[in-house]
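Visitor: I am new to this one. Could you put it on the screen and walk me through it?

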Amino acid sequence: MPTYEALPRFTTDLARLTPEQRRRFRQTVAAFVEDLRAGGRFRSGLRVKRVQRTSGVYELTWSMGAGPAGRATWQYGPALRPGTPHVIWRRIGTHDILTGP
């Protein structure tokens with residue numbers, strides 16, 4: 001099972017989401033974790049890509065229903081267990097979070 005941590009800014013952003021938006025994020029993370037377990041080749045539906053003009057920061061995009069798509073930024077951190085990916089969640093919300101990923 002991959003390990004993770006959330007930066008304080010991520011936690012603040014997450015608290016601002018509606019319960020439905022948080023539910024959709026949890027569904028997306030389940031698929032994300034499944035792909036990490038399988039070797040880190042992410043399915044195209046997760047739309048994982050590197051954030052432009054950054055080094056090692058990625059975004060994960062999903063539908064939040066009506067309105068703009070949901071996004072979360074993250075990076076790999078040092079492994080806490082050998083051979084197990086460690087994810088650091090940085091921001092979550094809409095496209096606006098990419099101004100300070």
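Visitor: What is the relative accessibility of R43?
Guide: Three classes apply: buried is under 20% relative accessible area, exposed is over 50%, and partly exposed lies in between, using a 1.4 Å probe and protein chains only. R43 counts as partly exposed, because its relative accessibility is 35%.

Visitor: What kind of model is this?
Guide: Residues are numbered from 1 along each chain as its sequence is written, and side-chain values use heavy atoms, leaving out hydrogens and water. Local features need pLDDT of at least 70, side-chain atom pairs count only at pLDDT 80 or more, totals for chains, interfaces and linings use all residues, and the model itself is predicted.

Visitor: Which side chain meets R43 in a salt bridge?
Guide: A salt bridge puts a side-chain nitrogen of Lys or Arg within 4 Å of a carboxyl oxygen of Asp or Glu. Here the N to O distance is 2.7 Å. The partner is buried, because its relative accessibility is 8%. That partner is D35.

Visitor: How many salt bridges does the count come to?
Guide: One of them joins R23 and E20, with the closest N and O atoms 2.6 Å apart. Another joins D35 and R43. The count comes to seven.

Visitor: Where do R23 and E20 lie?
Guide: Helices (H or I, at least four residues) and strands (E, at least two) are DSSP runs, numbered from the N terminus. R23 counts as partly exposed at 32% relative accessibility, and E20 counts as partly exposed at 34%. The two are three residues apart, about one turn of the helix, and both lie in α2.

Visitor: How many residues apart in sequence are the parts tied together by R91 and D13?
Guide: The side chains of R91 and D13 meet in a salt bridge of 2.6 Å, N to O. R91 lies in strand β5 and D13 in helix α1 (residues 8-16), so the pair ties together parts whose separation in sequence is 78 residues.

Visitor: Is R91 buried or exposed?
Guide: R91 is found in strand β5, residues 86-93. Its relative accessible area is 10%. D13 shares the label with R91. So R91 is buried.

Visitor: Which residue is linked with D13 and R91 in a network of salt bridges?
Guide: D13 and R91 meet in a salt bridge. The network links them with R16.

Visitor: Which residues touch the most other members of the largest nonpolar core?
Guide: A nonpolar core is a set of buried Ala, Val, Leu, Ile, Met, Phe, Trp, Tyr and Cys residues joined through side-chain atoms within 4.5 Å. The largest one has 16 residues. Those that touch the most other members are F25, F32, L60, W89 and I92.

Visitor: Which element gives the largest share of this core?
Guide: Two or more residues come from each of α2 (19-37), β3, β4 (70-77) and β5. The largest share is six residues, and it comes from α2.

Visitor: Which side chain makes a polar contact with the side chain of T61?
Guide: T61 lies in strand β3, residues 58-62, and counts as buried at 5% relative accessibility. A polar contact is a pair of N or O atoms within 3.5 Å; within protein, one must be able to donate a hydrogen and the other to accept it, and residues adjacent in sequence count only if both atoms are side-chain atoms. At 3.3 Å, the partner of T61 is E59.

Visitor: Which residues is T61 in contact with, leaving aside neighbours within four places in sequence?
Guide: Contact means heavy atoms within 4.5 Å. By that rule, T61 is in contact with G45, L46, R47, A69, G70 and R71.

Visitor: What is the phi of R47 near?
Guide: R47 sits in the loop between α2 and β2 (49-50). R47 is partly exposed, with a relative accessible area of 42%. Its phi is positive in a residue other than glycine, near 50 degrees.

Visitor: And what is the phi of R53 near?
Guide: R53 lies in the loop between β2 and β3. R53 counts as exposed at 80% relative accessibility. Its phi is also a positive value in a residue other than glycine, near 60 degrees.
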